[in-house]
Amino acid sequence: MVHIVKDLEAGPVSGTQSVDRALVLLQTVARAGTLGVSLSGLIAGSGLGKPTVRRLMLALIRGGLVEQDAGTRRYHLGEESYVLGTLATPRHGLLEIAADAVVRLARDSGDTAFVNMRRGSAAVCLHREEGSFPIRTHALETGAQHPLGIGAGSLAMLSALPDGEIEIVLADNAARMMADYPTYDADLLRSDVTATRTRGFALNPGRIVGGSWGVGVALRRPDGSIAGALSIAAIDSRMQPPRDTELAALLKREARDIETRLARRMPQPPLEDKT
């Protein structure tokens with residue numbers, strides 16, 4: 001994951017730093033969505049000077065990754081970004097594969113179902129589907145991003161990582177956790193990971209929004225890496241045993257189906273002949 005830092009203009013610039021700066025700008029354009037972003041917005045968001053932003057944006061435009069609206073002068077993702085995104089869909093197009101599973105989970109449970117994907121040290125909610133139960137939880141909205149470990153689906157992803165990678169994620173998220181999630185700390189998340197592995201599914205006992213509980217399971221690609229997670233959220237009275245385990249069974253059933261479909265779309269390359 002590329003991080004925006006405030007001293008990007010300090011000191012001489014290497015080729016790698018130029019790439020990092022260009023990626024920061026590309027991510028800023030992408031996150032602006034359909035409204036696009038102005039030159040001043042790019043300068044403010046990146047911490048880069050105006051000449052540097054102009055130079056890097058021209059390079060991104062030449063590569064087709066970014067385009068500038070002739071009328072508004074705002075920047076948008078370009079055609080080449082669309083092509084690259086399409087080519088990445090078989091590996092990362094989780095919403096396309098999991099959308100029908102999320103609908104079934106909401107229908108069968110009556111509660112709110114989610115599919116999340118991993119984005120570096122964070123989890124992003126790709127979609128939420130409302131169930132029929134009249135009292136709903138709104139702790140997680142589509143597009144919301146939390147550090148890995150915050151929320152049921154996010155905790156399921158964190159718990160499925162190797163221990164060494166978990167420590168890297170915790171260190172990466174330390175500053176944001178302290179600023180935005182003061183009730184969490186690294187030791188609590190390590191304890192949650194242990195409980196998740198023992199229980200067989202992740203449980204969020206209302207830690208983000210009081211009374212809003214969730215259960216989650218991770219989704220793996222054929223190579224074992226983490227693609228995302230499925231989760232269900234409900235008010236606390238609907239998440240008590242044995243219903244939490246019953247909901248986890250629904251999630252695991254759909255997760256197996258999604259992982260099978262991921263495997264079909266990502267056939268493993270043949271082993272090299274070593275003779």
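**Exercise 1. In which strand is the place of Gln145? Describe its exposure and its surroundings as well.**

Solution. The model is a predicted one, and the first step is to find the residue along the chain: Gln145 belongs to strand E5, which covers residues 145-147. The second step is to look at its accessibility, and since Gln145 has a relative accessibility of 27%, it counts as partly exposed. The third step is to list its partners, leaving aside neighbours within four places in sequence; Gln145 is then in contact with Arg119, Ala122, Ala123, Val124, Arg176 and Tyr181. As a last step, compare sequence and space for one pair: Gln145 and Ala248 are 103 residues apart in sequence, and their C-alpha atoms are 23 Å apart.

**Exercise 2. Describe the overall build of the protein chain, beginning with its secondary structure and ending with its charges.**

Solution. Begin by counting elements: the protein chain has nine helices and eight strands. Next, consider its extent, for which the C-alpha trace spans about 60 × 55 × 40 Å along the principal axes. A compact globule of 275 residues would have a radius of gyration near 19 Å, and the 21 Å of the protein chain agrees with this. Then turn to burial and surface: 41% of the 275 residues count as buried, while the accessible surface comes to about 14,200 Å², with 58% of it belonging to carbon and sulfur atoms. For the contacts, take those between residues at least 6 apart in sequence, of which 57% join residues at least 24 apart. Finally, the chain carries 32 positive and 31 negative charges, and the mean positions of these two groups are 3 Å apart.

**Exercise 3. Which residues of helix H2 are buried, and where do they lie around the helix axis?**

Solution. Helix H2 covers residues 39-46, and its buried residues are Leu39, Leu42 and Ser46. These buried residues cover an arc of only 60 degrees around the axis, and therefore they lie on the same side of H2. On the other side of H2, the exposed residues are Ser40 and Ala44. The next step is to ask what the buried residues pack against, and the partners are helix H1 (15-31), helix H3 (50-62) and strand E2 (75-77). Following the chain just past the end of H2, one comes to Gly47, which has a positive phi of about 80 degrees.

**Exercise 4. How many residues of helix H6 are buried? Use Ser154 as a worked case.**

Solution. Helix H6 runs over residues 152-159 and is mostly covered, with eight of its eight residues buried. By name, these are Ala152, Gly153, Ser154, Leu155, Ala156, Met157, Leu158 and Ser159. Ser154, which has its place in this helix, has a relative accessible area of 4% and is therefore buried. Its contacts, apart from neighbours within four places in sequence, are with Ala123, Pro147, Leu148 and Gly149.

**Exercise 5. Compare the settings of Ser81 and Asp111, taking the location, the burial and the contacts of each in turn.**

Solution. Ser81 has its place in helix H4, residues 79-92, whereas Asp111 is found in the loop between helix H5 (94-109) and strand E3 (112-119). Ser81 is buried, with a relative accessible area of 17%, and Asp111 is buried as well, with a value of 3%. Not counting residues up to four places away in sequence, Ser81 touches Leu26, Gly64 and Leu65. With neighbours within four places likewise left aside, the contacts of Asp111 include Glu129, Glu130, Phe133, Arg238 and Arg243. One distance completes the picture of Ser81: Ala44 is 37 residues away along the chain, and the two C-alpha atoms are separated by 23 Å.

**Exercise 6. Describe the backbone at Arg73 and at the peptide bond from Pro241 to Pro242.**

Solution. As background, most residues other than glycine have a negative phi, and most peptide bonds are trans. Arg73 has a positive phi of about 70 degrees although it is not a glycine. Arg73 lies in the loop between strand E1 (66-68) and E2, and with a relative accessibility of 47% it counts as partly exposed. Turning to the peptide bond, the one from Pro241 to Pro242 is cis, with omega near 5 degrees. Pro242 is found in the loop between strand E8 (226-235) and helix H9 (243-265).

Note on methods:
Residues numbered from 1 in each chain as written. Predicted model: local features only at pLDDT ≥ 70, side-chain atom pairs only at ≥ 80, totals over all residues. Heavy atoms only, no water. Helix = DSSP H or I, 4+ residues; strand = E, 2+ residues; numbered from the N terminus. Rg over C-alpha atoms; globule rule 2.2 N^0.38 Å. Buried < 20%, exposed > 50% of the residue type's maximum accessible area, 1.4 Å probe, protein only. Contact = heavy atoms within 4.5 Å. Areas by Shrake-Rupley, 256 points an atom, 1.4 Å probe, with all protein chains shown as cover. Lys, Arg positive; Asp, Glu negative; His and termini not counted. Charge placed at Lys NZ, Arg CZ, Asp CG, Glu CD. Arc of directions from axis to C-beta.
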